[in-house]
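The following report walks through the architecture of one protein chain, from its sheets to its core and to a few individual residues. Please keep the sequence and the structure at hand while reading.

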Amino acid sequence: MSFSRFIKNRLKKTVHSLGIMWLKIKHKNLYIDKSSIVEKNVRFYNDGIIKIGKNTIIRPWVIINPWGGKIIIGENCSINSFSHLSGNGDIEIGNNVLIATQCVLISANHNFNNIDIPIREQGETRAKIVIEDDCWLGAGVRILSGVKIGKGSVIGAGSVVNHSIPPYSVCVGVPARIIKNRNELSNHEK
């Protein structure tokens with residue numbers, strides 16, 4: 001490696017480390033492992049707890065807003081551009097999870113039972129979202145409050161998941177439905 005390339009790489013790592021330190025100073029309840037990468041224009045809100053594990057990458061234009069709750073992201077994850085995590089009722093993401101562009105995870109719903117009171121004044125119901133290890137959410141997936149995505153599951157692009165999914169499921173649609181289980185694939189398909 002040439003000396004100039006070495007200096008350039010070292011400078012890049014230093015700038016990244018300074019950026020992470022600035023985020024931690026600005027957001028008192030933000031914990032990012034030093035091996036993780038948070039690219040430019042990621043928006044963190046400071047009204048809850050956010051923890052990001054080792055070797056995780058957060059791409060530009062992601063919004064992570066705990067709304068007073070907790071958002072825990074495991075190790076070796078990637079969250080791609082224009083995704084939005086709203087952690088009112090908490091969000092827990094396991095290790096090795098891939099979240100494609102424009103995914104939305106919303107862990108609360110507005111109450112609307114009383115027609116005599118505006119919806120905005122009826123409060124909300126919060127319920128934790130859990131995405132277990134080794135899952136892949138395709139582009140534009142929506143995960144609604146109270147949902148648990150089982151280990152090793154794949155959720156197809158554009159799907160809306162409004163109920164929990166067992167491990168190793170492949171789901172598609174609105175609402176998402178299971179089309180196969182990864183454990184049942186024949187040896188030919190593996």
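Contact here means that heavy atoms lie within 4.5 Å. In this predicted model, isoleucine 73 is, by that criterion and not counting residues up to four places away in sequence, in touch with Lys51, Ile52, Gly53, Thr56, Ile58, Ile64, Ile79, Leu85 and Ile93.

**Overall composition**

The chain contains one helix and 22 strands. Buried residues account for 38% of its 190 residues, and among the contacts between residues at least 6 apart in sequence, 15% join residues at least 24 apart.

**Two parallel sheets**

One open sheet is formed by six strands with parallel pairing, in the order β1-β4-β7-β10-β15-β18. Its edges are held by β1 and β18, each of which has a single partner strand, so one side of each is left without a neighbour in the sheet. Another open sheet, again of six strands and with parallel pairing, follows the order β3-β6-β9-β12-β17-β20. Here β3 (43-44) and β20 (160-161) stand at the edges, and because each has a single partner strand, one side of each lacks a neighbour in the sheet.

Several pairings within these sheets can be described by their bridges and by a pair of residues that stand opposite each other. The parallel pairing of strand β4 (residues 49-52) with β7 extends over four bridges, while β7 is joined to strand β10 (residues 91-93) by three bridges, again in the parallel sense. From β10, three bridges lead on to β15, and these strands also run parallel. Strand β12 (residues 104-106) is connected to strand β17 (residues 142-143) by two bridges, with the strands running parallel. The table lists one pair of opposing residues for each of these pairings.

| Residue | Opposite residue | Strand of the opposite residue |
|---|---|---|
| Isoleucine 50 | Isoleucine 71 | β7 |
| Isoleucine 73 | Isoleucine 93 | β10 |
| Isoleucine 93 | Isoleucine 131 | β15 |
| Valine 104 | Arginine 142 | β17 |

**The nonpolar core**

Which faces does strand β7 (residues 70-73) present? Ile71 and Ile73 make up its covered face, whereas Lys70 and Ile72 belong to the uncovered one. Ile73 reappears in the largest nonpolar core, which has 34 residues, and in which Ile73 and Ile93 touch the most other members. At least two residues of this core come from each of β1 (30-32), β4, β7, β10 and β15 (129-131). In soluble globular proteins, nonpolar side chains tend to be buried together.

**Charges and aromatic rings**

A search of the whole structure returns zero aromatic pairs, but two aromatic rings have a charged side chain over them. Arginine 43 is placed over the face of tyrosine 45, 4.3 Å from the ring centre, and the charged end of lysine 51 is located over the ring of tyrosine 31, at 5.6 Å from its centre.

**Serine 153 in its loop**

The loop between β18 (148-149) and β19 (154-155) includes serine 153. Is this residue buried or exposed? Serine 153 has a relative accessible area of 1%, and because buried means under 20%, it counts as buried. The side chain of serine 153 reaches two backbone atoms, namely the oxygen of proline 166 at 3.2 Å and the nitrogen of tyrosine 168 at 3.4 Å. Beyond residues up to four places away in sequence, serine 153 touches Asp134, Cys135, Trp136, Ile165, Pro166, Pro167, Tyr168 and Ser169.

**The β21-β22 hairpin and alanine 176**

In contrast to the parallel pairing described above, β21 and β22 pair in the antiparallel sense, over four bridges, with valine 172 standing opposite arginine 177 in β22. Their hairpin has four residues between the strands, and within it glycine 173 adopts a positive phi near 105°.

Alanine 176 lies in this loop between β21 (169-172) and β22 (177-181), and with a relative accessible area of 3% alanine 176 is buried. Leaving aside neighbours within four places in sequence, alanine 176 makes contact with Ser159, Val160, Val161, His163 and Cys171. Alanine 176 and isoleucine 155 are 21 residues apart in sequence, and their C-alpha atoms are 8.0 Å apart in space.

Note on methods. Residues numbered from 1 in each chain as written. Predicted model: local features only at pLDDT ≥ 70, side-chain atom pairs only at ≥ 80, totals over all residues. Heavy atoms only, no water. Buried < 20%, exposed > 50% of the residue type's maximum accessible area, 1.4 Å probe, protein only. Pairing = 2+ DSSP bridges. Phe/Tyr/Trp six-rings, centres within 6.5 Å; stacked < 30°, edge-to-face > 60°. Lys NZ or Arg CZ within 6 Å of the ring centre and 35° of its normal. Polar contact = N/O pair within 3.5 Å; in protein donor to acceptor, adjacent residues only side chain to side chain. Core = buried A, V, L, I, M, F, W, Y, C linked by side-chain atoms within 4.5 Å.
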